[in-house]
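Consider how a protein surrounds a bound molecule, and what can be read from the residues that line its site. The paragraphs after the display begin with the make-up of that shell.

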Amino acid sequence: MKDIKEKAYAKINISLDITGCRDDGYHDMMMVMQTVSICDDIKISLNDSGTIRAYSNLRFIPGDDRNLAVRAAKRYLEEIGERVSGLRIDIRKDIPVGAGMGGGSSDAAAVLRGMNRLFDDRLSPDELQKLAENVGSDTAFCVKGGTALAEGRGEILTELPDFPDCFFVVCKPEFSISTPELFKKIDAVPLRHHPDTCGILDALNKGNLKEICRRMYNVFEDVDDRRMRTVAEIKNRLLDFGTLGSIMTGTGSAVFGVFEDKNKAQLAAESLKQDYRFCFTAMPVKKLM
Ligand code: ATP
């Protein structure tokens, strides 16, 4: 049987708001999410190893059940009631790890799409999305991707109009930020500001890039943490190059800026690359299925 290949695209947060705390310990979120063209390459191959394992070009990424891609494959097989004699998932990682770009979630979503192709589209896109809810925080969004509003834990999704054409410059400082640690810190202080999510939705409906960018906001940037100084420094550098707007994505540490002009974006990326190893330009990606 032929290998199945899938692209696992990264996501960025155009906005990120926390709207409440829940009894189950999770937070209620409201986020405008966007798929971007930075991606990992996934290859799924059946074998007779008797195991389901992932292999990656990054040695510190686990190959067992701790890998969201492995969990997604097992969950899919459980759901359709099939067994395999062995499965190998190869992951070529280009999405920076611990960046707030949903790398693990996106790998898992790509595995769900790939497994569904392997088993003759036994599940509909909606069923795949439902299955993804319990695999990783952003996996449900990453199944279909595109532009969406994510609420609840991130699993309640509303499709939005395509993001206007533009160029993103994404820059990740050397350090990563632990998601649980950042939630703990944000719970300790009242939130001073919230993004104007309705304004962003309105601007998206009108396809007005400038109005979207003016409203981009991530509540996690308010956390009292010395690492946010680096985040602010990158944002200032992006402003110097004429970004329309710039925020941290998810729980960081990656920061992105939006540009209308490709040359300006490339100049900003080249300049930042001198100080930060992980620096890319990317474009919005439309809905995947
Ligand atoms: P998010 O935006 O969803 O918060 P993130 O960018 O902060 O994600 P990831 O890069 O997805 O974080 O991964 C963080 C942790 O998840 C890593 O420590 C890693 O060991 C684990 N992990 C599990 N599966 C994967 C995977 N397929 N790719 C990358 N990391 C994975």
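In this predicted model, the shell around the ligand is made up, by class, of nine polar, six nonpolar and five charged residues. Of the 20 residues around the ligand, those that come nearest are Gly-98, Gly-100, Gly-102, Gly-104 and Asp-107. Among the secondary-structure elements, helix H2, which spans residues 103–118, gives the most to this shell, contributing four residues.

Several polar contacts can be followed atom by atom. On the backbone side, a polar atom of Gly-98 is 2.9 Å from an oxygen atom of the ligand, and a backbone N or O atom of Leu-68 lies 3.1 Å from a ligand nitrogen atom. Asp-138, by contrast, takes part through its side chain, with a polar atom lying 3.1 Å from an oxygen atom of the ligand. On its own the ligand has 620 Å² of accessible area, of which the protein covers 77%; as for its location, the ligand sits in the largest pocket.

Turning from the ligand to the aromatic side chains, the count comes to four aromatic pairs. One of them joins Tyr-76 and Phe-119 in a tilted arrangement, with 6.1 Å from centre to centre and 35 degrees between the planes; the pair counts as tilted because its angle falls neither under 30 degrees, as stacked rings require, nor over 60, as edge-to-face rings do. This pair links distant parts of the chain, 43 residues apart, since Tyr-76 belongs to helix H1 (residues 68–80) and Phe-119 to the loop between H2 and helix H3 (125–132).

Conventions. Residues are numbered from 1 along each chain as its sequence is written. This is a predicted model: local features need pLDDT of at least 70, side-chain atom pairs count only at pLDDT 80 or more; totals for chains, interfaces and linings use all residues. Side-chain values use heavy atoms; hydrogens and water are left out. A residue is near a molecule or strand if one of its heavy atoms lies within 4 Å of it. A polar contact is a pair of N or O atoms within 3.5 Å; within protein, one must be able to donate a hydrogen and the other to accept it, and residues adjacent in sequence count only if both atoms are side-chain atoms. Accessible areas come from the Shrake-Rupley method with a 1.4 Å probe; for residues, only the protein chains shown count as cover. On a 1 Å grid over the protein atoms alone, a cavity is a set of points where a 1.4 Å probe fits but cannot get out, and a pocket is an open set with protein on both sides within 12 Å along at least five of seven lines; lining residues have an atom within 4 Å of a point. A molecule sits in a cavity or pocket if more than half of its atoms lie within 2 Å of its grid points. Helices (H or I, at least four residues) and strands (E, at least two) are DSSP runs, numbered from the N terminus. Ala, Val, Leu, Ile, Met, Phe, Trp, Tyr, Cys and Pro count as nonpolar, Asp, Glu, Lys and Arg as charged, and the others, Gly among them, as polar. Rings of Phe, Tyr and Trp (its six-membered ring) pair if their centres lie within 6.5 Å; planes under 30 degrees apart count as stacked, over 60 as edge-to-face and the rest as tilted.
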